[in-house]
Amino acid sequence: MQITEHIASLSEEGRLLAAAAEQAGPGASVPTCPGWQIRHLLRHTGMVHRWAAAFITEGHTAYHPDGGEPDLDGAELLAWFREGHRHLVRSLEEAPADLECWTFLPAPSPLAFWSRRQLNETTVHRVDAESALGGPLTPVPADRAADGIDELLTGFHARPKSRVRSDKPCTLRVRAVDTAATWTVRISEDPPQAVRTAGEGSAEHADCELSGTAEGLYLALWNRLPLTAVTLRGDRAVARLWTDNSAVTW
């Protein structure tokens, strides 16, 4: 996706998140994040938005700590979240194409990295906010979902901090039936190695395959939907290895 599309989608996702949070109320439980209420979700996501915007606007070229979560609640917290989200969107819109700042995943440019990363961050947490309402979720377009899967598998879990490890090497295949995308994830004692291919993907044997729509896979791999939301073939223990160890924490 183009950077401008990422930013436009980020703008919409933040508005949807705030609207769901307002409707649910600050004390509503967030089923997809056990132990969290809407107030915790807003504080966390709003903090991340401001943290990301600081790299873009201040040009930090090394890691810079976040500013912490505010001691706000109710309408004041919601207004704080909305302002931070608008600031992040404006920062991305106004940033130069040759922006130089710190990033933590491979990307064509820092601007491409932050627009994509914050779109996926906000989309996943928008799903969290909507889950508190107990109704249908706003759909994630297939191309965006596939891009989010790619970031998760080839970006986040390629890092040394990934906890998806196995003493016995195994292979997980992820196949999005509504796109041309297939990922083969090799799991071992080292960080997972994921390769994206087109069509049916590699002919290599896979111990387990997860298939479904790109949206279903995106949310299942981010642990926002259960494995029953997708089709599982092969060794369920490999899929459980993913769901039990793949959570990305702050």
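This is a short walk through the structure above, from its sheet to its helices, its core and its aromatic rings. The model is a predicted one, so please read every contact and angle below as a feature of that prediction.

Let us begin with the sheet. Five strands make up an open sheet, in the order β3-β2-β1-β4-β5, and their pairing is mixed. At the edges stand β3 (193–198) and β5 (231–234); each has a single partner strand, so one side of each is left without a neighbour in the sheet. On average, neighbouring strands are turned by 15° against each other, direction ignored. To see one pairing in detail, find β4 at residues 208–212: β4 and β5 run in the antiparallel sense and share 4 bridges. Across that pairing, Glu209 stands opposite Arg233 in β5.

Helices lie across this sheet. Helix α5 (residues 142–155) lies across β1 (170–176), β2 (181–187) and β3, and runs at about 15° to β2. Helix α7 (residues 236–245) takes another set of strands, lying across β1, β2, β4 and β5 and running at about 80° to β1.

Next comes helix α6, residues 214–221. How much of it is covered? Of its 8 residues, 7 are buried, so to describe it as mostly covered is fair by the 20% cut-off for buried residues. The buried ones are Ala214, Gly216, Leu217, Tyr218, Leu219, Ala220 and Leu221. Their cover includes α4 (110–131), α5, β1, β4 and α7. Following α6 is Asn223, which has a positive phi, near 60°.

Helix α4 deserves a closer look, together with α5. The two pack at an angle of about 105°, with their axes 11 Å apart, and that makes α4 roughly perpendicular to α5. Where they meet, α4 brings Arg116, Arg117, Leu119, Asn120 and Thr123, while α5 brings Arg144, Asp147, Gly148, Asp150 and Glu151. Pause at Arg117, which is found in α4. Is Arg117 buried or exposed? Its relative accessible area is 3%, so Arg117 is buried. Leaving aside neighbours within four places in sequence, Arg117 is in contact with Phe104, Glu151, Phe156 and Trp222.

Now for the nonpolar interior. In soluble globular proteins, nonpolar side chains tend to be buried together. Here the largest nonpolar core has 56 residues, and Trp114 and Leu210 are those with the most contacts inside it. Helix α2 (residues 38–58) gives the most to this core, with 7 residues. Apart from it lies another core, this one of 16 residues, among them Ala21, Ile38, Leu41 and Ala129.

Which residues does Trp114 touch? Not counting residues up to four places away in sequence, Trp114 touches Trp51, Ala52, Phe55, Ile56, Leu92, Cys101, Trp102, Thr103 and Phe104. At 0% relative accessibility, Trp114 counts as buried.

Several of these names return when we turn to aromatic rings. The whole structure holds 14 aromatic pairs. In one of them, the rings of Tyr63 and Trp102 have centres 5.5 Å apart and planes at 75°, so the pair is edge-to-face. This pair links distant parts of the chain: Tyr63 is in the loop between α2 and α3 (74–94), and Trp102 is in the loop between α3 and α4, 39 residues apart. Trp102 is buried, because its relative accessible area is 19% and the cut-off is under 20%.

Phe104 and Trp114 form another pair, with ring centres 6.2 Å apart and planes at 75°, so this one too is edge-to-face. Phe104 is in the loop between α3 and α4, and Trp114 is in helix α4, 10 residues apart. Phe104 has a relative accessible area of 21% and is partly exposed. Ring pairs also build a cluster from Trp51, Phe55, Tyr63, Trp102, Phe104, Phe113, Trp114, Phe156 and Trp222.

Our last stop is His44, placed in helix α2. With 9% relative accessibility, His44 counts as buried. Not counting residues up to four places away in sequence, His44 touches Trp36, Glu69, Glu121, His125 and Trp250. The C-alpha atoms of His44 and Ile3 are separated by 24 Å, and the two residues are 41 residues apart along the chain.

How values were computed: Residues numbered from 1 in each chain as written. Predicted model: local features only at pLDDT ≥ 70, side-chain atom pairs only at ≥ 80, totals over all residues. Heavy atoms only, no water. Pairing = 2+ DSSP bridges. Axes fitted to C-alpha atoms, helices over the stretch in contact; angles between N-to-C directions. Contact = heavy atoms within 4.5 Å. Core = buried A, V, L, I, M, F, W, Y, C linked by side-chain atoms within 4.5 Å. Buried < 20%, exposed > 50% of the residue type's maximum accessible area, 1.4 Å probe, protein only. Phe/Tyr/Trp six-rings, centres within 6.5 Å; stacked < 30°, edge-to-face > 60°. Parallel < 35°, antiparallel > 145°, perpendicular 65-115°, else oblique.
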